[in-house]
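Colleague: I'm new to this one, so could you walk me through it? I'll ask as we go.

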Amino acid sequence: MPALQSLRNCYDIAMHFTHGLATADRRELLVANPLPLLPTRSAEATDKYLSDGVPRKLGGLQGESTFRANCQVCHFGGEDTINPAKNLGKSALEKYSMFDESKIVNQVKNGNGAMPGFRGRLQTQQIEDVVAYVLKQAENGW
Ligand code: HEC
């Protein structure tokens, strides 16, 4: 049953790459990026898809879900409900010299003022993803 076996492998791969996501995010990712389920696709095409398509999109989605779970309570829509001047818009970030990946990573790890540090609560990869998400949103005007 090669066709069924191949479907099964695709399913396992999809679950493996997305198991850290919330169900809704996983559904969104899988619906938006149908895995090459048909055995007519070459193994090469499947490898290429998995190596550059899925992880990159997953990074963006994971940054977003990490933001929702950990940052949004104070930074909904890029605002700062505690200290409004220090919002996550590009101009505020530039004004406070925070439009910089390593500085935000540092602040997320260690906290600053009323912002708690997330070291120990978020993994390095999650911090990198959430910072990439913040910078992308700032660039796009939230
Ligand atoms: C409990 C509320 C709270 C949470 C949760 C929180 N922040 Fe903050 N954040 C703040 C406050 C308050 C400041 C301003 C700190 C200061 O005094 O410099 C800030 C500042 C920032 C800044 C700098 C903004 C600027 O214009 O200088 C960034 C970037 C940032 N937060 C990102 C994040 C990210 C990413 C997360 C989630 C991982 C997060 N924050 C979670 C309260 C929070």
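**Contacts, helices and a core**

Colleague: What percentage of the contacts in the protein chain with a separation of 6 or more comes from residues 24 or more positions apart?

Modeller: Two residues are in contact if their C-beta atoms, placed from the backbone, lie within 7 Å. Take the contacts in the protein chain with a separation of 6 or more: the share from residues 24 or more positions apart is 57%.

Colleague: What kind of model is this?

Modeller: Residues are numbered from 1 along each chain as its sequence is written. Local features need pLDDT of at least 70, side-chain atom pairs count only at pLDDT 80 or more, and totals for chains, interfaces and linings use all residues, in a model that is predicted.

Colleague: How many helices does the protein chain have?

Modeller: Helices (H or I, at least four residues) and strands (E, at least two) are DSSP runs, numbered from the N terminus. Reading from that end, the elements run α-α-α-α-α-α-α. The strand count is 0, and the number of helices is 7.

Colleague: What percentage of the residues count as buried?

Modeller: A residue is buried if 20 or more other C-beta atoms, placed from the backbone, lie within 10 Å of its own, exposed if 12 or fewer, and partly exposed in between. Across the 142 residues of the protein chain, the buried share is 13%.

Colleague: Which element gives the most to the largest nonpolar core?

Modeller: A nonpolar core is a set of buried Ala, Val, Leu, Ile, Met, Phe, Trp, Tyr and Cys residues joined through C-beta atoms within 7 Å. The largest one has 11 residues, among them F67, L88 and L93. Two or more residues come from α6 (101-110) and from α7 (124-139). With 6 residues, the top contributor is α7.

Colleague: How far does α7 reach from its first C-alpha to its last?

Modeller: The expected span of a helix is 1.5 Å times one less than its number of residues. For the 16 residues of α7 that gives 22 Å, and the span in the model is close to this, at 23 Å.

Colleague: Is α6 roughly parallel or oblique to α7?

Modeller: Axes are lines fitted to C-alpha atoms, for helices over the stretch in contact, and angles run from 0 to 180 degrees between N-to-C directions. Here the axes lie 10 Å apart, at an angle of about 125°. Angles under 35 degrees count as roughly parallel, over 145 as roughly antiparallel, 65 to 115 as roughly perpendicular and the rest as oblique. Therefore α6 and α7 are oblique.

Colleague: Which residues of α6 does V131 touch?

Modeller: V131 is one of the buried residues of α7, and also one of those in α7 that meet α6. Leaving out residues up to four places away in sequence, the partners of V131 are E101, I104, V105 and V108.

Colleague: Is S97 buried or exposed?

Modeller: S97 sits in the loop between α5 (90-95) and α6. Its phi is positive, about 55°, although S97 is not a glycine. Only 8 other C-beta atoms lie within 10 Å, so S97 is exposed.

Colleague: How far apart in space are C71 and V130, C-alpha to C-alpha?

Modeller: C71 belongs to the loop between α3 (43-70) and α4 (72-75). It has 18 C-beta neighbours inside 10 Å and so counts as partly exposed, whereas V130 is buried in α7. In sequence C71 and V130 are 59 residues apart, and in space their C-alpha distance is 9.1 Å.
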